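Trainee: May we go through this entry by question and answer? Please explain each term as it arises.

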Amino acid sequence: MELFKKTATELSSMLKAKEISAVELTNDILARTDAVESKVQGYVTVTADAARKQAEAVDAKRAAGQELSDLAGIPVAIKDNICTKGILTTCASKMLYNFNPPYNATVMEKLAAHDIVMTGKANMDEFAMGSSCENSAMHPTHNPHDLNRVPGGSSGGSAAVVAAGEVPLSLGSDTGGSIRQPASFCGVVGLKPTYGAVSRYGLIAFASSLDQIGPFGRSVEDTAMLFDAITAHDPKHDSTSVKTPFEGTTYSNLSADMKGKKIGLPKEYFSEGISEEVRKNVLAAAETYKSLGAEVFEISLPLSEYALPIYYILSSAEASSNLARFDGVKYGYRTKNADEDLISLYTKSRSEGFGEEVQRRIMLGTYVLSSGYYDAYYKKARAAQRKIKAEFASAFEKCDAILTPVAPTTAYTIGSKTTNPLEMYAGDICTVSVNIAGLPAMVQPCGFDSNKMPIGMQLIGPRFGEQTLLNAGYAFEQASGLKNIIAEL
Amino acid sequence: MKYQAVIGLEVHAELSTESKIYCSCSAKFGADINTHTCPVCTGMPGALPVLNKQVVHYAAKMGLATGCTVNRLCKADRKNYFYPDLPKAYQISQFDVPICENGEVFFYVDGEKKSCRLERIHFEEDAGKLLHDEIDGTVVDFNRCGVPLIEMVTKPDLHSSAEAKEFLEMIKTTLSYLDICDCKMEEGSIRCDVNVSIRPEGSNEFGTRVEMKNINTFSGAVRAIDYEIARQIEVVENGGTIQQETRRWDDVKLKNTVMRTKEDAQDYRYFPDPDLIAVEIDDEWYKQIESEIPELPISRYERYLNEYGMTAMESRQLMDSYSKASLLDAAAASGKVKPKAAANWILSDISKYLNDKELELENTKLTAEKLVDLICLIDAGTISGAAGKKVLVQLFETDETAEQIVERLGLKQVSDEGAILTLVKQVLDSNPKSIEDYKAGKKNVTGFLVGQCMKASKGQGNPQIINKLLAQELAKL
């Protein structure tokens, strides 16, 4: 029946009308996974048996006449840095190769309440550090549109399995672009919510002040539907969680009306560092908005050039502290080669358990927090962060959303950037500001390059501007027809 | 040469909140190993802290009671270091902006009033406990992990172990007055680190300071300080110099040894905890905290000493117990009894009863009103002092008033002279031998005869009247 080709919204209607059962859907999805996963390798763990059981339970509930969520029975893949009780959660690291969390992340509790069917844990760059999914200690993930290319990262697995039709929806996390850049590379929709809109409880922290969980889908509607299910104020578990004005209502409030909407194009995001094909397609999207009645104009965000250093200082500083708990004492990897002393246990467990990129960031973060360097790096970065926030705030006095490229290029070939970390970091130029400012941003496909690789565009909104972004994305999707793109495999 | 010691203290007190500082686990002491734990306090990946506001409340209370300025915006910082009892490998503490700053604590040493300034008070989480088992090696008990602490850091204002001890005692008494700490030394609810340096007497310069850790009791602090002062003097006298270092006190061997030198000093890489947002103490909350500060121990002490005419020791004993001193104040406030009379009851019979039964005052049924009634009954001669002691026991244990107890036990004193005279005469008649003795000059038989009269009155005869009438009758012989 090729149910895997349908969007979550379509599947939801079919399930509700009892045209299909959750078990049928799950089996179809798992069959697709069987067929293509060996090529894509988007998962760390496929939880097929548990998925079938969950699907059976949903069918039983529906048969019993229970009122169910729109998402009931819909398969969802979960990034492997989100804690799932009793189910392996590795962060794609040797350090957590055997870690079964004793508790569920808040988002997992939310999804369970919506009766979703979890298909598995998606691959990622180790501890979400990376932009290509090549830093996974398990295996690299391949871009379903060209298996020789990277899917982007760090949520590369989450994006790839959606693009490959292995699942209609997934969750990722975004610290500096980790949802948006892989969404762009894989031709799917990805939403990075306002900081605090989704509870971080149970998300294994990379950089606490920047991390956000967000949804992937193959359409804006699907993405909104999953977003609604995970947005919730969580004051008991996450102090940085906030109450949003749109909690659970973005899907039902979707509107494609762009008349009178103001869209800013920040000139700094279209500079020479951005490839011609990417620039052309994003500017074409701007034209589409004009034709839909929106007002489109150039703006300037001059502080953008400082975003990368600010990001790498703040995120590495927090990471160096957040990842200190992986010490070989309590859970996860412990060296077998430790000498009698404690320091040896720590040093060897961490040196053997963490990959190269993670170690690089821990050292960078430790350095910027060190006595004597703190003021020059960390403190200064925090001060600069406030300025970036202010710059965005004043930009949003003039426009409803900001349209930009997502990455300088489309997906590159596997191995082409692994030797130069700085080049890899530079790829985050268009995405990190959003995290620094705590803003929402959405990525969706706006075209293809000459290699038929997807090109994404990014819409940035003001704090709590998710509805505006989803509406704008919905309007573009309808106008362009660029939706539900499944890679041929 | 004569030397002056300069001492500063870092006192840690565990706060007696129901739950831990950043999760909802119980903060109570003494549970089975690793039963008061959850993903948050065991540092599970992905778990996040949420501040227990009671901790802010208690810490601010201590600040206000010690004259500190309270910083209304409370932020938390991470102190990063590796140790197996610290599951996150960082302690959530406060660094550059502690909740309280610039306080002062007053206390008496040998009748002289002294003070020690507090540099800061901050709140933080306690670490777990390593249990070294001979068979299984070392295991970690995370029950204590996340139990809230306040750390109080003094200025180097103390100059002897005696001053340090009295300061510590005053901190402990203040904590107990505020009801924010169990103050059980044996459970580690108050611990302290000591900084000691010496300088030639009269000098204003500071010497190199040595920090001492592993001090678990106040008396241990005294021993550790005395040892360290003597050690430093010896080093200097022998031409050596004091090294800036941290030394571990061994209260069994009564000596300290080097733990780490200045070169090994750790860089804790403090930075604001991004998992927590600043909590503001608004005006309403601040006023609430302020309203909960009782009269401070030192003020009570001085009132007892100067206004109630008690001795320093009596005043101190009363001050030390918030509940006893409160009982005294309430009794005195009735205006019906002399404070000194109430104090005598509290320091003697009431304290003895509580000690014998191992009870706290608040766990008995004795109230100030009942105590006042009791004293009034004795003052009015309705009952004897001896009967009063019997009544007191009932006041602790029953809901009855003093009058009801006197009635029930038939303890009312007989002061009717006619009735007592009859009784005295009967006693004299039945004790001819005593009369013989009296006549032979053995005046001490009087005591025996008084006792016989009391016995004949079943203890209810007014002893003064018995004495008077007996003397009168004996004189007639």
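Mentor: Helices (H or I, at least four residues) and strands (E, at least two) are DSSP runs, numbered from the N terminus. The model is predicted: local features need pLDDT of at least 70 and side-chain atom pairs pLDDT 80 or more, whereas totals for chains, interfaces and linings use all residues. Residues are numbered from 1 along each chain as its sequence is written, with chains lettered from A and ligands numbered from 1 in the order in which they are written.

Trainee: In which helix is the place of Leu305(B)?
Mentor: The helix in question covers residues 297-306 of chain B. Leu305(B) therefore belongs to helix α5 of chain B under the DSSP definition of helices.

Trainee: Is Leu305(B) buried, partly exposed or exposed?
Mentor: A residue is buried if 20 or more other C-beta atoms, placed from the backbone, lie within 10 Å of its own, exposed if 12 or fewer, and partly exposed in between. Leu305(B) has 18 C-beta neighbours inside 10 Å, so it counts as partly exposed.

Trainee: Which residues does Leu305(B) touch, not counting those up to four places away in sequence?
Mentor: Contact requires C-beta atoms, placed from the backbone, within 7 Å. Thr174(B), 131 residues away in sequence, has its C-alpha 18 Å from that of Leu305(B). Beyond four places in sequence, the residues touched by Leu305(B) are Met310(B), Ala312(B) and Ser315(B).

Trainee: Which are the edge strands of the open sheet of chain B?
Mentor: Strands pair if DSSP finds at least two bridges between them. The 9 strands of this open sheet follow the order β2-β6-β7-β10-β1-β11-β12-β13-β14, with mixed pairing. Pairing on one side only marks the edge strands, β2 (69-70) and β14 (255-261) of chain B.

Trainee: In β7(B), what is the bridge partner of Val109(B)?
Mentor: β6 (residues 100-109) and β7 (residues 112-125) of chain B are antiparallel, paired over 9 bridges. Their hairpin has 2 residues between the strands, and Asp110(B) takes a positive phi near 50° there. Across this hairpin pair, Val109(B) has as its bridge partner Glu112(B).

Trainee: And in β10(B), what is the bridge partner of His122(B)?
Mentor: β7(B) also pairs with β10(B), in the antiparallel sense over 7 bridges. In that pairing, His122(B) is matched with Glu151(B).

Trainee: Between which domains of chain B does the largest nonpolar core lie?
Mentor: Such a core is a set of buried Ala, Val, Leu, Ile, Met, Phe, Trp, Tyr and Cys residues joined through C-beta atoms within 7 Å. The largest has 262 residues, and those with the most contacts inside it include Val76(A), Phe167(B) and Val391(B). Two domains of chain B give residues to this core, so it lies between domain 1 (3-287) and domain 2 (295-409).

Trainee: What distance separates the centres of domain 1 and domain 3 of chain B?
Mentor: Domain bounds come from an automatic or database domain assignment. Chain B is divided into domain 1 (3-287), domain 2 (295-409) and domain 3 (417-476). Taken over C-alpha atoms, the centres of domain 1 and domain 3 are separated by 67 Å.

Trainee: How many residues of helix α13 of chain B are buried?
Mentor: Helix α13 spans residues 432-439 of chain B, and Gly441(B), with a positive phi near 100°, follows it. The helix is hardly covered: among its 8 residues, the buried count is 0.

Methods. Two residues are in contact if their C-beta atoms, placed from the backbone, lie within 7 Å.
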